Amino acid sequence: MARFAAALALLAVAGLAGCGGSVHVSIGKGTQVKLTVIKHGAETIALVPVRIDGKGPYPFALDTGAATSAIDTGLARKLGLARVGRTTVSGVTKTSRVPQYTLRHWSAGSVQLGARRVAGADLIRQRGPGIAGLLGSDVLSRYHSVTIDYDAGVLVLR
């Protein structure tokens with residue numbers, strides 16, 4: 001429960017999270033990715049299993065309001081990812097300059113996500129071992145439609 005609260009606080013404070021909601025729609029056809037859905041009262045977080053360079057899976061929070069996906073800087077170092085510069089991330093309460101990494105071979109479940117530069121953030125070290133990254137709208141917007149079925153614990157990408 002403390003890990004869940006810390007993860008939610010991180011999403012709000014880090015400036016990487018956005019507002020969200022859900023609409024129940026039929027799943028239909030598409031590639032399904034199994035989610036781990038954690039509910040605590042009215043709060044819900046969906047974790048996507050992400051593999052990077054064949055390692056993992058690592059729990060990435062599904063954050064449709066985040067403009068930029070992110071990886072924990074400690075995990076980036078552990079995986080030997082080189083910093084490729086810095087980027088600016090903005091949220092509701094602040095703007096920050098953070099390191100940037102390139103993820104060349106990464107996937108959500110069986111879905112290859114394609115090379116993408118992502119922001120670095122101290123997700124694990126400062127907030128506990130619950131979240132290794134954020135999967136944001138920069139990645140999700142590549143798909144025609146995205147369906148999140150919290151009850152079934154499934155993300156569908158078309």
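These are my notebook entries from a walk through a predicted model of one protein chain.

**Entry 1: the whole chain**

I began by asking what the chain is built from. I found four helices and 13 strands in it. The chain has 158 residues, and 44% of them are buried. I then looked up the exposed surface, which comes to about 8,100 Å², with carbon and sulfur atoms supplying 52% of it. Next I checked how far along the sequence the contacts reach. Among contacts between residues at least 6 apart in sequence, 59% join residues at least 24 apart.

**Entry 2: the open sheet**

I went looking for a sheet and found an open one of three strands, in the order S1-S13-S12, with antiparallel pairing. Its edge strands are S1 (31–34) and S12 (146–149), and each of these pairs on one side only. From one strand to the next the twist averages 20°.

I followed S12 over to S13, residues 154–157, and noted four bridges in the antiparallel sense. For a landmark to find on screen, I picked Ile148, which stands opposite Leu155 in S13.

**Entry 3: S3 and its partners**

Strand S3 kept turning up, and I took its pairings in turn.

- With S2 (residues 36–40), S3 (residues 43–52) pairs in the antiparallel sense over five bridges. Here Thr36 has Leu47 of S3 as its bridge partner.
- With S4, S3 is again antiparallel, over five bridges. Val48 stands opposite Phe60 in S4.
- With S8 (residues 106–108), S3 is antiparallel over three bridges. The bridge partner of Ile52 in S8 is Trp106.

I kept one rule of thumb in mind while looking along these strands: in a regular strand, side chains alternate between the two faces of the sheet.

**Entry 4: two turns and a cis bond**

I looked at the hairpins next. The hairpin of S2 and S3 has two residues between the strands, and Gly41 takes a positive phi near 65° there. S3 and S4 also form a hairpin with two residues between them, and Asp53 sits in that turn.

What caught my eye about Asp53 is its positive phi of about 50°, although Asp53 is not a glycine. Is Asp53 buried, partly exposed or exposed? I looked it up: Asp53 counts as partly exposed because its relative accessible area is 38%, which falls between the limits of 20% and 50%.

A little further along I came to a cis peptide bond, from Gly56 to Pro57, with omega near 15°. Pro57 is found in strand S4.

**Entry 5: the nonpolar cores**

I turned to the interior with a general tendency in mind: in soluble globular proteins, nonpolar side chains tend to be buried together. Which residues touch the most other members of the largest nonpolar core? They are Val48, Ile52, Ile71 and Trp106, out of 28 residues in that core. S3, S4, helix H2 (73–78), strand S7 (95–103), S8, helix H4 (137–140) and S13 each supply at least two residues. The largest share, four residues, comes from S3.

I listed the contacts of Val48, leaving aside neighbours within four places in sequence. They are Val33, Leu35, Tyr58, Pro59, Phe60, Leu62, Ala108, Leu135 and Leu155. There is also a second, separate core of 11 residues, which includes Leu47, Ala70, Val89 and Val98.

**Entry 6: Ser69**

I saved a single residue for last. Where does Ser69 sit? Its place is in the loop between strand S4 (55–62) and strand S5 (70–72). I checked its exposure as well: Ser69 is classed as buried because its relative accessible area is 0%, under the 20% limit.

Then I asked what the side chain of Ser69 reaches. I found the backbone nitrogen of Gly136 at 2.8 Å. The side chain of Ser69 also makes a polar contact with the side chain of Asp138, at 2.7 Å.

Leaving aside neighbours within four places in sequence, I noted that Ser69 is in contact with Trp106, Val118, Ala119, Leu134, Leu135, Gly136, Asp138 and Val139. Trp106 was a familiar name by then, being the bridge partner of Ile52 and one of the residues that touch the most other members of the largest core.

Technical notes
Residues numbered from 1 in each chain as written. Predicted model: local features only at pLDDT ≥ 70, side-chain atom pairs only at ≥ 80, totals over all residues. Heavy atoms only, no water. Buried < 20%, exposed > 50% of the residue type's maximum accessible area, 1.4 Å probe, protein only. Polar contact = N/O pair within 3.5 Å; in protein donor to acceptor, adjacent residues only side chain to side chain. Contact = heavy atoms within 4.5 Å. Areas by Shrake-Rupley, 256 points an atom, 1.4 Å probe, with all protein chains shown as cover. Pairing = 2+ DSSP bridges. Axes fitted to C-alpha atoms, helices over the stretch in contact; angles between N-to-C directions. Core = buried A, V, L, I, M, F, W, Y, C linked by side-chain atoms within 4.5 Å.
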